[in-house]
Amino acid sequence: MTARIVALHGAVIVALFLAQFVASDYAVLTITRIMVLAVYALGYNILFGYAGLLSLGHAMFFATGLYGAALGVTRLGMAAPEAFLFATFCGVIVSIVIGFVALRASGVAFMIVTLMFSQAAFLAVLYFGDITRGDEGIVIKDGQRMFPLFGVPMNLADPVLRYNIALAFLAVAIVLCLIAVRSKIGHVLVAIRENESRTAMLGYDVKRYKLIAFVLSGSFAAVSGAAYALLFAYAGSTLASIQYSIHPLLWTLLGGAATVLGPVLGTALMFLLVDFASGFTSASLLFVGVALILLVLFFPKGILGTLRQRYWRWLP
Amino acid sequence: MAFFPHLLLALLEGTVAAAVLALSALGLSLVFGVMRVVNVAHGEFFMLGAMLAWFVAKMAPGGPAVGFLAALIVAPLLVGALAFVTERLLLRRINYDPEATIVATIGLMFVIQQLALSVFGADAKAVPAPFSYRIALPWFGFSGYKLFVVVASVALLLGVWWVLAKTKLGLIMRVTQFDRETATAFGIPVNQVYSAVFVAGAALVAIAAVLIVPIQQAHYLMGLDPLLMSFIVVIIGGLGSIKGSVIAAVIIGLSDGVISIFFSPTLASIIATLAVALVLVFRPQGLFGVPAR
Amino acid sequence: MTVLLETRGLSKSFGGLKAVSGVDFRVEKGEVRAVIGPNGAGKTTFVSLISGRIAPSAGTILFEGDDITALRAFRRVQKGIAYTFQITSIYQNLSVAENVALAAHQPGGRASLEPLERVGLAGRASQIAGTLAYGHQRLLEVAMGLALKPKLLILDEPTQGLSDAEIVDFIGLVRDLAKDGTVLLIEHNMPLVMELASRITVLDRGMILAEGTPEEVRANPSVQAAYLGTG
């Protein structure tokens, strides 16, 4: 790995670490949210950006993590770390099963299959409202967010602890993405995106690689969902809706698909835009819609994708 | 209520749902069949049709019947006009790339939805039926208007089928569907055909909305359901196959009606969405579609 | 001589149409075998069956004595059957070197440039493949086939769209390949086939019409009737 790649990604992580000392309480909370959701976008990008598979069903995996963690804590009596591992495990299993089935379809059919599975999952969340509490959602009580770590008491309601946990997740996610896309797997995924039948005729097991990308991507989503539930003490059905499948697509497109930092940048910008917009209008989703249209029309490579094309050829 | 009347009611309601569904899905199927793109904003065209029906019915002088007839003309025209602009300014500029079209129409979906929220507000809007005749059955009364919806939908479906199968316009569309290059070589103005098909698809779904809105209130979030149901119908029926879409609409509409009444509407939707996912996985061309060459 | 590839009763029908029916076929190690036949004779279906791009309706395929009928395409490639596409299929947006590196299963790494040298593209390794001239793209396709180090290289109409001068170079290339490999050549261009092939198989309506050396095939009256249109 070249020095400037390490330097750039390291600098982003260090800058985020330092930000907590200067940012206001509100900014700390906002950045925490962005970092957790950026993990979701990073995972989405593995499938969409690198492998070239457009999923409209990732909310299903996000929700698996979300509800796995929330129910683990509130119903199964798990401590937060256990619930997190449990939720991640559920996410991996769900991604494997759904990936196995959905990857039999390709192109537009793949998009619709993922959309449909995700919608069925969303409806299931509503249908089993006794357990999931539907629209209203599950609120995790403060007492359930405290746990000892190596004997030291931890409280997830503490904004500073929360910020650093989110940062740790993001840092690990970025490093994993970097490793993945620069490994053989990453290159083969790009090959599949560029020319699938050719890749199969070079002796690569295309289905296996696609499944790997799908499961990696779904697992990142579940990790993000689980962290979201535990850090913000809430799991509600809105977070399982189609809108949450479209968010990571938009974030990835805005920042630049198939760039490692693109999804992080996209998440941050879009989150800030919507946050800013909801200050004076209730129709903040309007900005999401307009952004999608403008990106497709005028800026299909996104911010970092365009920068890479014009100036920084080395950008991973 | 005893079992038989209960079932009869479920089947009647299911038939009404199936008729409107077939009409909505037909628009989506037509667009996909000819242009090979998926219009995710299709459901918002439906919502817009319903909102316009409410607006026109409210503004029109004279009774509900006048308002209804006016809506039946105005809503498809305006929604068609919006579709025309969308096709020209959006789809044509991205050269009907399947993936970009999906992303762009997702964007359009949010834009239309949020604008409708800003203009019409968040409350549900009731529209009176053009007439209020009730058919008295031994067990329950059934709205004569609902039966009218079924008859009108069937008439429209037959009309579209006639245009596609028997007229020169239909032939042109089928040639374009078969192959864009061949069509161009035969001197068919492919761009105009695309515009016309996209507008026709939107107008059809707007008519479906005008028909349904006296039964189901208009609301800015009402578009998602017909979109997903249309996806289900179009895929189960085979993308681009009109006969398949109609048969699938009947199957889905009836089963949806029965499951909704006997169990719950949510369960009905879960079953339908899972069914479509499995159909796509194990029979990608749909139940009535022809495998790709 | 050892048999490298063998098909027994290989058949494929689409609906009611028999594209390939009951073909018994053998390729010996080290030969350049050409498969020819009029349009619609089933050549493309036949090589698609061998490469595993489509599944046969009946029959078996043996490679080095192993039954590979049920193997998926990528497994056959791993066993040593390389297929070059009739319609150029390369990674248009990647560099020439990365195209070959993917074929050599060292993506992102520094693969040997030897295959590029053999086809004469070594000087263009860093160019983006999609910007190559058409003839060079065909050569890159062949280089990717070579990078797989195949035991059997299937060339599906490799000279389609090439200029006469490029075809002359191509003949030299295939001769060079034949020194240490086995080539299965699907071709339309009769003079080329006559010059290159050690043996020729003629397909007609999905069946083998004739098989033999170029001279034998040329002299065969039924081949002349079906393919050359004389007699």
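**Reading a predicted model, feature by feature**

Modeller: Let's start with chain C of this predicted model: buried residues make up 43% of its 231 residues.

Colleague: Thanks! Which helices and strands should I look for in chain C, and how many are there?

Modeller: Secondary structure elements are a good first map. Chain C has nine helices and 10 strands.

Colleague: And how do I judge why chain C counts as compact as a globular protein of that length?

Modeller: Compare the radius of gyration with what the globule rule gives. For chain C the radius is 18 Å and the rule gives 17 Å for 231 residues; the two are close, so chain C is as compact as a globular protein of that length. For its extents, the C-alpha trace spans about 50 × 40 × 35 Å along the principal axes. You can also look at sequence separation: among contacts in chain C with a separation of 6 or more, 64% join residues 24 or more positions apart.

Colleague: Let me try a single residue. Where does C:Asp66 sit, and is C:Asp66 buried or exposed?

Modeller: Find the element, then count neighbours. C:Asp66 belongs to strand β5 of chain C, residues 66–67. Only 12 or fewer other C-beta atoms within 10 Å make a residue exposed, and C:Asp66 has 10, so it is exposed. Distance along the chain is another thing to check: C:Thr84 is 18 residues from C:Asp66 in sequence, and their C-alpha atoms are 23 Å apart in space.

Colleague: Over to chain A. At what angle do helices α3 and α4 of chain A pack?

Modeller: For a helix pair, take the angle, the axis distance and the handedness. Helix α3 (residues 59–74) and helix α4 (residues 80–102) of chain A pack at about 145°, with their axes 8 Å apart. The crossing of α3(A) past α4(A) is right-handed.

Colleague: Which residues of α3(A) and α4(A) meet there?

Modeller: On the α3(A) side they include A:Phe61, A:Gly65, A:Gly68 and A:Gly72, while the α4(A) side includes A:Phe84, A:Ala87, A:Gly91 and A:Ile98. By class, this contact has 12 nonpolar, seven polar and one charged residues.

Colleague: Last one: how many residues of chain A are in contact with chain C?

Modeller: For an interface, count both sides and then ask which elements contribute. Here 16 residues of chain A are in contact with 16 of chain C. On the chain A side, the elements giving two or more residues are α8 (184–194) and α9 (196–200). Of these, α8(A) gives the most, with five residues. That side has seven nonpolar, four polar and five charged residues.

Technical notes:
Residues numbered from 1 in each chain as written. Chains lettered and ligands numbered in written order. Predicted model: local features only at pLDDT ≥ 70, side-chain atom pairs only at ≥ 80, totals over all residues. Contact = placed C-beta atoms within 7 Å. Helix = DSSP H or I, 4+ residues; strand = E, 2+ residues; numbered from the N terminus. Nonpolar A, V, L, I, M, F, W, Y, C, P; charged D, E, K, R; others polar. Buried ≥ 20, exposed ≤ 12 C-beta atoms within 10 Å, placed from the backbone. Axes fitted to C-alpha atoms, helices over the stretch in contact; angles between N-to-C directions. Left-handed = near helix turned anticlockwise from the far one by under 90°. Rg over C-alpha atoms; globule rule 2.2 N^0.38 Å.
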